[in-house]
Amino acid sequence: MSEEEEDYYLELCERPVHFEKANPVNCVFFDEANKQVFAVRSGGATGVVVKGPEDRSPISFRMEDKGEVKCIKFSLGNKILAVQRTAKTVDFLNFLPDCPHLEYTQECKTKNANILGFCWTSSTEIVFITDQGIEFYQVLPEKRSLKLLKSQNINVNWYMYCPESSVILLSTTVLGNVLQPFYFRAGTMSKLSKFEIELPAAPKSTKLSLSERDIAMATIYGQLHVLFLRHHSRTSNSAGAEVVLYHLPREGVCKKTHILKLNRTGKFALNVVDNLVVVHHQDTETSVIFDIKLRGEFDGTITLHHPVLPARSIQPYQIPMAGPASVTSQSPVPCKLYSSSWIVFQPDIIISASQGYLWTLQVKLQPVVNLLLDKGRLMDFLLQRRDCKMVILSVCSQMLSESDRGTLPVIATVFDKLNHEYKKYLEAEQNYTMVVETGQSRSNPLLKRPVRTQAVIDQSDMYTHVLSVFTEKKHYLHELVIKTLVQHNLFYMLHQFLQYHVLSDSKPLACLLLSLESIYPPAHQLSLDMLKRLSTANDEIVEVLLSKHQVLAALRFIRGIGGHDNISARKFLDAAKQTEDNMLFYTIFRFFEQRNQRLRGNPNFTPGEHCDEHVAFFKQVFGDQALMKPTTF
Amino acid sequence: MAAAGAAQEKQFPPALLSFFIYNPRFGPREGEEEKKILFYHPNEVEKNEKIRNVGLCEAIVQFTRTFSPSKPAKSLHTQKNRQFFNEPEENFWMVMVVRNPMIEKHSKDGKPIVEYQEEELLDKVYSSVLQQCYSMYKLFNGTFLKAMEDGGVKVLKERLEKFFHRYLQTLHLQSCDLLDIFGGISFFPLDKMTYLKIQSFINKMEESLNIVKYTAFLYNDQLIWSGLEQDDMRILYKYLTTSLFPRHIEPELAGRDSPIRAEMPGNLQHYGRFLTGPLNLNDPEAKCRFPKIFVNTDDTYEELHLIVYKAMSAAVCFMIDASMQPSLDFCRRLDSIVGPQLTVLASDICEQYNINKRISGSEKEPQFKFIYFNHMNLAEKSTIHMRKTPSISLTSVHPDLMKILGDINSDFTRMDEDEEIIVKAMSDYWVVGKKSDQRELYVILNQKNANLIEVNEEVKKLCATQFNNIFFLD
């Protein structure tokens with residue numbers, strides 16, 4: 001692959017949906033809700049083939065040719081087929097196993113109205129959009145009839161449906177620039193507040209001025225947006241076209257929030273991929289992308305964005321010639337990109353009706369790394385992408401490599417951003433756990449477990465993919481820090497880090513420190529302090545003290561925490577004997593005699609304590625009479 | 001002490017009588033004794049007396065060496081004064097003579113009688129002061145040997161004269177105490193995140209300023225980070241906190257010298273300014289002279305420029321190799337890079353510190369008067385000493401109690417084991433000294449009718465609240 005090819009940051013999916021291309025006897029339809037392509041031959045008489053990007057086995061059937069098909073769509077789940085052949089009616093055909101397989105028809109209720117189209121909003125609910133309003137029906141397949149649920153009269157120029165959010169947008173008024181959204185859910189239809197699209201200039205005539213070609217609807221970062229392609233900026237100083245984003249909330253008013261500057265004119269098409277707005281430009285055969293979460297120029301109400309990256313063509317694409325087996329030798333043919341026969345659908349569909357292909361558009365992240373030089377901005381961009389983890393880690397790794405090292409402020413910025421994202425997730429998770437544990441989850445049905453996206457990068461990711469190259473052996477991060485400092489003789493630095501608890505306390509870390517004592521004596525104190533703070537390492541503290549022959553200190557410590565009734569007398573006596581300090585041995589021996597007296601009413605050691613040798617030693621040094629006498633009453 | 005006689009009594013604190021440095025090898029023959037003397041204070045003393053005093057010291061050291069070849073004499077007690085000897089470099093001797101404190105009484109016939117208090121001065125305290133004198137000299141001048149290499153006795157004498165002439169005036173022998181023995185460092189308590197922010201700041205600055213060899217960071221006169229090794233930092237810390245910072249407090253308080261540079265276009269407003277080096281960056285004639293310091297004199301022997309830059313309560317020391325001469329451009333660049341960031345950092349630290357204080361509830365002044373010292377990291381904490389000033393270190397307790405602390409410390413030094421000493425002082429005070437591993441803790445309790453057990457309990461309580469995150473034996 002040459003340098004230049006690596007630059008392409010948009011690509012068509014590898015396995016497109018292939019269908020019979022449109023021709024005079026074969027009509028092709030696309031249903032945005034199910035993302036299915038319908039190839040209707042001879043009005044259905046010689047066959048209908050339905051293909052979607054997910055289902056690899058096409059649905060094919062025949063239907064009677066009752067005239068030219070204007071629109072054809074399955075309900076959700078492919079339960080019922082709806083076909084529009086006239087301006088007044090829609091025909092239905094059940095695809096349910098136990099339902100009558102005979103067509104039935106529904107005429108629109110409004111007199112003199114023409115049906116502009118229809119949309120399925122569930123497996124049995126359908127909306128007719130006429131030039132005089134909308135009609136919301138429930139289909140009763142067993143009865144082969146429809147029941148009107150609700151209707152609304154309103155003059156409609158054209159309509160648009162966003163299946164993802166179940167919102168239908170109607171263009172109303174003479175100019176067509178007042179948009180009325182409706183929201184559908186489980187048998188209900190609700191009217192959202194209407195809004196007006198600002199037209200580029202005051203229209204001179206009273207004809208329709210807003211075309212549906214210039215409007216798109218898509219969910220970006222979980223919020224429904226209406227995208228308006230404004231060919232001429234309202235401000236005279238910039239000639240280029242722009243995309244105006246209106247945020248359409250389920251409640252409240254629709255607001256203009258973002259403007260994407262295209263800086264060029266001509267024919268455009270829009271897609272939304274991975275929350276990025278992709279604008280294709282036919283004249284230059286290139287595309288640009290915008291990310292509304294990246295920082296733009298904010299004027300108090302609207303944010304102005306420029307393309308994230310320089311314009312590039314979609315990556316050249318070879319049409320696989322998957323013809324009959326006899327012609328396998330045929331080489332792939334380069335596909336004409338940005339062809340005038342391309343039709344673009346939301347969010348990420350590109351269809352070439354003349355070639356018979358349906359692709360989804362994809363963003364490639366690796367080339368972005370070389371195109372977006374500002375590493376902070378690059379991270380902001382990557383963190384919002386779906387498959388970002390490996391790319392982010394590769395950026396980190398590159399940034400820390402000798403040849404391509406970033407400056408410290410840049411590295412700091414990048415790591416801060418990663419941390420921020422990680423922290424956000426941890427807090428959300430913690431919050432969720434708390435709410436569930438305290439039983440508040442029942443009163444809050446909207447509560448969802450936070451999703452761990454790829455942008456959540458933890459210590460082990462960072463260690464495995466970025467930092468592990470700096471060491472031959474597998475260590476944990478803290479161990480890596482310590483070993484590195486030790487290797488470079490930076491003990492005082494290590495000491496200061498520990499003093500401020502930069503390295504979290506743990507038993508393994510404390511043990512590691514103990515092992516450093518011979519080369520750096522203060523490590524002993526640091527280790528003991530750490531064990532003390534852990535509060536679960538009392539046994540270890542005793543062991544450390546005994547190994548240093550600090551028998552009295554060990555005993556005082558264990559007594560201080562109230563554990564002296566359970567310790568092994570033998571262990572302490574052994575240690576005391578090793579010091580060859582007879583007075584110390586006497587003291588320790590006496591302590592345990594007293595303990596025996598207190599616990600059992602007798603100063604003698606029991607056989608189970610295995611202290612015979614120590615008793616003998618004590619007698620030998622101090623004499624029999626020095627043994628403590630049992631107190632008798 | 002008799003209250004009735006107090007009106008007639010006059011007390012004199014200990015005072016510096018003389019201070020001299022000599023090398024017996026420089027004038028071994030008779031008649032050449034004067035050559036041995038490298039520095040003598042007070043200079044006005046007659047030549048023969050100088051020679052006599054030096055000779056006496058030489059004789060004492062020489063004589064006592066017969067009894068203890070490995071540990072030569074450290075001090076000589078006399079009725080009127082006490083002499084302290086220190087041999088910081090081979091054959092180079094420093095001697096400090098301190099007059100014992102005295103009380104002037106009037107006898108019945110009105111004649112003044114002077115009574116010397118021979119047992120008041122603590123050897124360890126003043127020996128430490130003498131050692132400090134050398135350390136401070138070495139910090140700014142390098143070793144004696146280095147001066148000899150640079151230009152022989154002449155240069156050494158010049159350097160000694162130049163340095164000690166001023167330095168001796170700042171000794172303040174009357175207020176030396178246990179803290180001088182420790183020569184500790186007060187660390188600024190900080191949470192991990194803010195600490196790491198500072199780390200990150202230092203790393204960034206070292207990278208962008210490029211020529212910085214070491215950095216140290218202080219807040220509120222307390223240390224947070226040192227790139228220097230411990231011993232060098234110890235003396236630099238002493239210099240910063242007792243000399244450089246106090247000298248700059250006055251103008252800050254007076255509001256003069258306000259460093260907000262709004263007039264510099266394109267520059268973020270910040271409070272940064274140089275404590276060493278150029279005073280006014282806008283002055284094209286400004287001198288960029290920084291003090292030179294010498295570190296790691298035992299091995300790599302490095303000579304550095306000390307740049308101290310401060311914004312609000314945060315001070316950062318950048319040390320750069322002495323072979324680089326920082327230009328005015330460099331200073332301006334440093335100011336524009338460090339100034340804004342340090343200003344933000346300083347307010348972050350302040351904010352975080354206040355939050356932490358509120359959480360831990362340590363806002364309330366501790367009930368206990370104590371001194372803590374850890375030999376391992378030189379960490380020192382005292383609730384006995386008030387703010388250090390250039391002139392004196394004020395303590396809130398009676399000097400007699402301070403002396404008991406010093407005595408306990410001497411006892412600790414003699415013993416290797418962990419131990420605990422409890423003293424009932426006059427006037428109902430209890431003084432407790434504890435030693436655990438490398439740590440020492442001294443507590444002064446003012447509880448009238450407390451008994452030994454109660455005092456012990458109180459100290460336990462103090463340990464539990466103040467030192468619960470370290471291993472400190474009860």
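Student: What distance apart do the C-alpha centres of domain 1 of chain A and domain 2 of chain A lie?

Tutor: The C-alpha centres of these two domains of chain A lie 58 Å apart. This is a predicted model, in which local features need pLDDT of at least 70 and side-chain atom pairs count only at pLDDT 80 or more, while totals for chains, interfaces and linings use all residues. Residues are numbered from 1 along each chain as its sequence is written, chains are lettered from A and ligands numbered from 1 in the order in which they are written, and side-chain values use heavy atoms, with hydrogens and water left out.

Student: Which residues make up the domains of chain A, and which those of chain B?

Tutor: In chain A, domain 1 takes in 373–439 + 448–457 and domain 2 takes in 549–632, with bounds that come from an automatic or database domain assignment. In chain B, domain 1 is 10–176, domain 2 is 192–245 + 270–360 and domain 3 is 368–467; the C-alpha centres of domain 1 and domain 3 of chain B are separated by 30 Å.

Student: What makes helix α2 of chain A mostly covered?

Tutor: Seven of the nine residues of α2(A), which spans 375–383, are buried, a word that requires under 20% relative accessible area (exposed is over 50%, partly exposed in between, with a 1.4 Å probe and protein chains only). The helix itself is a DSSP run (H or I, at least four residues; a strand is E, at least two), numbered from the N terminus. Among its buried residues are Leu378(A), Met379(A) and Phe381(A), and the elements that cover the buried residues include β25 (276–281), α1 (366–371) and α3 (389–400) of chain A.

Student: Why is Phe370(B) called buried?

Tutor: Its relative accessibility is 0%, and therefore Phe370(B) counts as buried. Phe370(B) sits in strand β15 of chain B, residues 369–374. Leaving aside neighbours within four places in sequence, its contacts (heavy atoms within 4.5 Å) include Ile384(B), Leu441(B) and Phe467(B). Leu441(B) is 71 residues away from Phe370(B) in sequence, yet the two C-alpha atoms are 7.1 Å apart in space.

Student: Why is Cys254(A) not in a disulfide, and why is Cys57(B) not in one?

Tutor: A disulfide needs two cysteine sulfur atoms within 2.5 Å. The closest cysteine sulfur to that of Cys254(A) belongs to Cys162(A) and is 13 Å away, so it is too far for a bond. For Cys57(B) the closest is in Cys133(B), at 15 Å, which is therefore also too far. The search of the whole structure finds zero disulfides over all chains. Cys254(A), at 13% relative accessibility, counts as buried, and Cys57(B), with a relative accessible area of 1%, is buried too.

Student: How do you know that Glu420(B) forms a salt bridge with Arg556(A)?

Tutor: The closest N and O atoms of Glu420(B) and Arg556(A) are 3.9 Å apart, and the rule asks for a side-chain nitrogen of Lys or Arg within 4 Å of a carboxyl oxygen of Asp or Glu, so the pair qualifies. Between chain A and chain B the count is two salt bridges.

Student: Which helix gives the most to the side of chain A that touches chain B?

Tutor: That helix is α9(A), with seven residues. The contact takes 30 residues from chain A and 33 residues from chain B.
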